[in-house]
Amino acid sequence: MNKADLIKHIASEAGITQSQAEKAVNSFTGAVSSSLAEGESVTLIGFGTFGISDRAARNGRNPQTGATIKIAAKKLPKFTAGKALKEAVDAPKKAKKK
């Protein structure tokens, strides 16, 4: 599912227009991005937590020359799935009746 599919799904499920659903999706992603940029995590109970992961500086190797290079430390976004999401993904599919 891509962003356009998600917008269509939200619009049909919520009974709103696709432009309203697009504004909602953009607002959500913007809010999560700005919170993470400020160093705050975003927790949606049952769904999961968006947070920051610190990656330490380390030495790497240039694959073409074999020379050692320094890779700078950085912060990366991460997502940890909540219990309800894990259970929904792992649940066996119900058999369809004919």
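Three helices and five strands make up the secondary structure of the protein, in what is a predicted model. Followed along the sequence, these elements come in the order α-α-β-β-β-β-β-α, with two helices ahead of the run of strands and one helix after it.

As for overall dimensions, the C-alpha trace stretches over about 60 × 35 × 30 Å along its principal axes. The radius of gyration tells a similar story: the protein comes in at 20 Å, whereas a compact globule of 98 residues would sit near 13 Å.

Then there is the matter of burial and packing. Of the 98 residues, 13% are buried. Among contacts with a separation of 6 or more, 29% link residues that lie 24 or more positions apart. The exposed surface of the protein adds up to about 8,200 Å², and 55% of that area is supplied by carbon and sulfur atoms.

Part of the surface picture is a nonpolar patch of about 330 Å², put together by Phe28, Leu44, Phe47 and Phe79. Leu44 is worth a second look here. This residue belongs to strand E1, which covers residues 42-44. Its relative accessible area is 31%, so Leu44 counts as partly exposed. Patch members need over 30% relative accessible area, and Leu44, at 31%, therefore clears that cut-off. The nonpolar patch thus takes in a residue of strand E1, alongside the phenylalanines Phe28, Phe47 and Phe79.

Notes:
Residues are numbered from 1 along each chain as its sequence is written. This is a predicted model: local features need pLDDT of at least 70, side-chain atom pairs count only at pLDDT 80 or more; totals for chains, interfaces and linings use all residues. Side-chain values use heavy atoms; hydrogens and water are left out. Patches are made of residues with over 30% relative accessible area and no salt bridge: like charges are joined within 9 Å, nonpolar side chains (Val, Leu, Ile, Met, Phe, Trp, Tyr) within 5 Å. Accessible areas come from the Shrake-Rupley method with a 1.4 Å probe; for residues, only the protein chains shown count as cover. A salt bridge is a side-chain nitrogen of Lys or Arg within 4 Å of a carboxyl oxygen of Asp or Glu. Helices (H or I, at least four residues) and strands (E, at least two) are DSSP runs, numbered from the N terminus. Buried means under 20% relative accessible area, exposed over 50%, partly exposed in between (1.4 Å probe, protein chains only). The radius of gyration is taken over C-alpha atoms; the globule rule is 2.2 Å times the number of residues to the power 0.38. Contact means heavy atoms within 4.5 Å.
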